[in-house]
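Please open the model in a viewer and keep the sequence panel visible. The tour proceeds from the whole chain to its cores and then to selected loops.

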Amino acid sequence: MRLSHAAGAVSARFDDESLVSCAGIVPVMRLAENIGLGELIDERVDLEIPVGANSDAKALSVVAGMVIGADSIDDLDVIRHGAMPRLFDRLRAPSTCGSWLRGFTHGHTRQLSSVAGEALVRLAGQVPLLPGAGQLAFIDIDAKIKETYGHDKDGNGIAYTGVRGLNHLIATLSSLVCAPVILTAQLRGGNTDSRHGAVAMLREAIGLARRAGATGMIVVRADSAFFTGKIITALRKLGVYFSIVARKTDTMMAAIAEIGEDAWDQVAYRHPIPDPETGEWITHADIAEIVYTAFTNPTKHRGQSTTARLLVRRTPRFKENHQGELFRVWNYHAVFTNTGFDLHTADEYHRGHAIIEQVFADLNDAALAHFPSGRFPANQAWLTLAVLTHNLLRATGCLTSVFHAKARTATLRRHLINIPARITRTARRITLRLPANWPWQHSYQGLFTITHTRTA
C-alpha cells in the first residue's frame, strides 16, 4: 500500500462539524440508558458539595470517554468533537469531570461501587452476559501494582516487587463459555499486602455473583498469596468451593515426597503454560493428588484447620550445563481444593485462573494505563468507573456476535467503537453515515439495531 498523491497535492483541515470519530459510542450509551444507568447514579451518588451536582452527567461523560479509550482526565475531551453535541447532550468538560472526581470521599466511592454492582446485575438481566454461570461459575481474585511516578499520589508506596505504585485488587466472574466480567475492585496503598481486605471483597463478590445469575456451583480461584486459613474458612462458610495455589511449607513438601511413583499420571497441555517458578514453557507434566490437612497450628489458625485435596503438578528441573544429571529433580506446584472434579478436570479448571490476567491487560490498555489523580478517593472512583466501562463493553460484545462476546476490549474498540461517521438529518431523523465496506459493518448494524429496538 502506498499514497496515491504527491505530498504537495494533499492537505488537511479540521472543519467538518458533521463528523464523529467514534460512532460506536451510540449503541453502547444506548445500552447504558436501557439499564437506567444515569438514573441509578443520580439515586445513589450524592457528593453533597456544589461540584457534586449532576453526578449522572459527569459519570456518564467519564464512562463514554473510557469506552472510546481515554486513559486520563484530559483524554475525556475526546467526547467533545465534531457532531458529538448533536448526538448527545449534557456532555461535560474534562476539567468539570476532574473536579467532580476530586470531590469524592471513601463513602462516596462506596456509593459508586454499589452503582457498578447493580449495573452488572441489570446487564446480566438484559444481555446474555454470563451463559453457563447458572451451572458452574468461577470467581477469580488477584492484585496488581500500577506503577506511579513522583511522590504526590496519595497512598503510593513501594510494593514487594520493588515498584512504587498503587495496589488494586479485583474479583472477576466467568464461566466455561463466557469472558470474565468484573464483580468488584478495590484500590489500596502500594505497600499493602495482597490479602488485605480479601475476605470482605470475596463476601461482596459472591453475593453479587449470585444476584447476577451464578446460582449454581461457584469455585473461587486464586494464587498462593490468598492461601490463608482465614480466607478458606470464610469461603467454606459462604458455601462456595475453592481452588487456591498452596504455599510449599516443610510439612507439605514432606507429604508430597511420600507420593509413590505409580500415583503420578502424565498430562499433555494443548497450549504450553509457564512454570510458576522458572518461567519455562511446559508442554507435559505429571500430576497426582493426596488428601492434606492445612492450617493445623492451633495458635496461628485457631478453628481454621481444613482437610481437602492437594493437587500436585511436577515438572523436571533441567540443569543449565553439560554435565547431565545423576537423578531427576522436580519442580512442584500444588493446588489446595475441595472441588469434586476428577484430577485432570480439576487441574484444567484451576489453570483457567489465568483468565484474570486478560482483564488486567484490558484495563491497562485503556482507563488504567495510569491513575490520573493525586487524590486517593478520586483514583478509587476512576477505578470503579473503569470496572463499569469494562462490563458495559463486555455486554456490548455479547449483543454483537459470538466472536465479539470473547474478544479483547481493544478489539471491540477497533471493530465497533472507533468508527468514523457523518451525521445527517432528514425529516427530524438522524442518520449515521458510516464508511462503505467496513469489515465489521454487519456486526455493528446488528448491535445498533438490537440496542435501539430494546429502548423503552
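The radius of gyration is taken here over C-alpha atoms, and the globule rule is 2.2 Å times the number of residues to the power 0.38. For the 456 residues of this chain the rule gives a value near 23 Å for a compact globule, and the chain agrees with it at 25 Å. The model is a predicted one: local features need pLDDT of at least 70, side-chain atom pairs count only at pLDDT 80 or more, and totals for chains, interfaces and linings use all residues. Residues are numbered from 1 along each chain as its sequence is written, and side-chain values use heavy atoms, with hydrogens and water left out.

**Whole chain**

Select the C-alpha atoms and align the view with the principal axes; the box they fill is roughly 80 × 55 × 45 Å. Colour by secondary structure next: the chain has 15 helices and 13 strands, which are DSSP runs (helices H or I, at least four residues; strands E, at least two) numbered from the N terminus.

Then display the surface. About 22,100 Å² is exposed, of which carbon and sulfur atoms supply 51%; accessible areas come from the Shrake-Rupley method with a 1.4 Å probe, and for residues only the protein chains shown count as cover. Of the 456 residues, 52% are buried, where buried means under 20% relative accessible area, exposed over 50%, and partly exposed in between (1.4 Å probe, protein chains only). Of the contacts (heavy atoms within 4.5 Å) with a separation of 6 or more, 68% join residues 24 or more positions apart.

**Nonpolar cores**

In soluble globular proteins, nonpolar side chains tend to be buried together. A nonpolar core is a set of buried Ala, Val, Leu, Ile, Met, Phe, Trp, Tyr and Cys residues joined through side-chain atoms within 4.5 Å. Which members of the largest core touch the most other members? Select Ile25, Ile139, Leu310 and Phe336, which hold that position among its 132 residues. Helix α12 (residues 376-400) contributes the largest share of this core, 13 residues.

Centre on Ile139. Beyond its neighbours within four places in sequence, Ile139 is in contact with residues including Ala171, Leu183, Leu202, Ile206, Ile218 and Val220. Another core, of 15 residues, lies apart from the largest one; among its members are Phe138, Leu311, Val335 and Leu343.

**Loop between β2 and β3**

Move to Asp154, in the loop between β2 (136-147) and β3 (157-158). Asp154 counts as partly exposed because its relative accessibility is 37%. Not counting residues up to four places away in sequence, Asp154 touches Leu166, Gly374, Arg375 and Phe376. Add Gly189 to the selection: Asp154 and Gly189 are 35 residues apart in sequence, with their C-alpha atoms 8.1 Å apart.

**Loop between α3 and α4**

Select Asp75, located in the loop between α3 (55-68) and α4 (84-87). With a relative accessibility of 33%, Asp75 is partly exposed. A C-alpha to C-alpha distance of 7.5 Å separates Asp75 from Pro94, 19 residues apart in sequence.

**Loop between β12 and β13**

Finish at Ala427, in the loop between β12 (421-426) and β13 (429-433). Ala427 is not a glycine, yet it has a positive phi of about 50°. Is Ala427 buried or exposed? It is exposed, with a relative accessible area of 75%. Arg428 lies in the loop between β12 and β13; although not a glycine, Arg428 has a positive phi of about 65°. Arg428 counts as exposed, at 82% relative accessibility.
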